[in-house]
Amino acid sequence: MAAEAAAALGEVPVGAVLVRNGEIIARAHNTPIGMSDPTAHAEVLALRQAANREGNYRLLGTTLYVTLEPCVMCVGALMQARLDRVVYGCVDPKAGALGSRYDIGRDGRGNHQLEVRGGVLAEPASRLLQAFFRVRRGA
């Protein structure tokens with residue numbers, strides 16, 4: 001699982017899988033610490049990987065599955081890539097940009113709207129994140 005790979009590296013355990021017509025076209029996990037890159041979120045890395053593979057930054061007809069509700073930066077990138085749909089596990093009440101804190105991908109003000117489904121496998125995703133932060137905080 002991509003999120004677990006991130007956790008094993010000491011990164012926040014978020015993984016992303018980009019799918020088109022039932023085929024995985026990209027898979028990534030958070031690596032901003034390891035890459036010294038604040039944009040190295042799982043979603044952005046998956047988009048980069050898929051765009052390189054496809055030879056096009058527009059990734060029409062794709063669905064992104066991600067552990068945690070994407071942040072503002074990631075939603076902006078998802079909209080620029082023209083994804084059809086985003087499915088995420090648990091909400092991020094502090095930084096989520098697809099319904100909890102903000103609703104950038106569906107509020108009608110952007111150049112593209114995303115179909116969004118949140119809460120898919122939310123419990124295991126939430127447990128994974130909570131366990132990671134418990135260890136990190138030494139609790």
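**Questions about a predicted fold**

Colleague: What share of the contacts with a separation of 6 or more comes from residues 24 or more positions apart?
Modeller: A contact means heavy atoms within 4.5 Å. Of the contacts in the protein with a separation of 6 or more, the part owed to residues 24 or more positions apart is 53%.

Colleague: What kind of model is this?
Modeller: Residues are numbered from 1 along each chain as its sequence is written, and side-chain values use heavy atoms, leaving out hydrogens and water. Local features need pLDDT of at least 70, side-chain atom pairs count only at pLDDT 80 or more, and totals for chains, interfaces and linings use all residues, for this is a predicted model.

Colleague: Which pattern do the helices and strands follow along the sequence?
Modeller: Helices (H or I, at least four residues) and strands (E, at least two) are DSSP runs, numbered from the N terminus. There are five helices and five strands. Read along the sequence, they give α-β-β-α-α-β-α-β-β-α.

Colleague: How much of the protein is buried?
Modeller: Buried means under 20% relative accessible area, with a 1.4 Å probe and protein chains only. Of the 139 residues, the buried portion is 45%.

Colleague: Which element gives the most to the largest nonpolar core?
Modeller: Such a core joins buried Ala, Val, Leu, Ile, Met, Phe, Trp, Tyr and Cys residues through side-chain atoms within 4.5 Å. This one has 30 residues, with Leu18, Leu64, Leu83 and Leu114 touching the most other members. Elements supplying at least two residues each include β1 (15–20), β3 (62–68) and α5 (122–137). The one giving the most, with five residues, is α3.

Technical notes. Buried means under 20% relative accessible area, exposed over 50%, partly exposed in between (1.4 Å probe, protein chains only).
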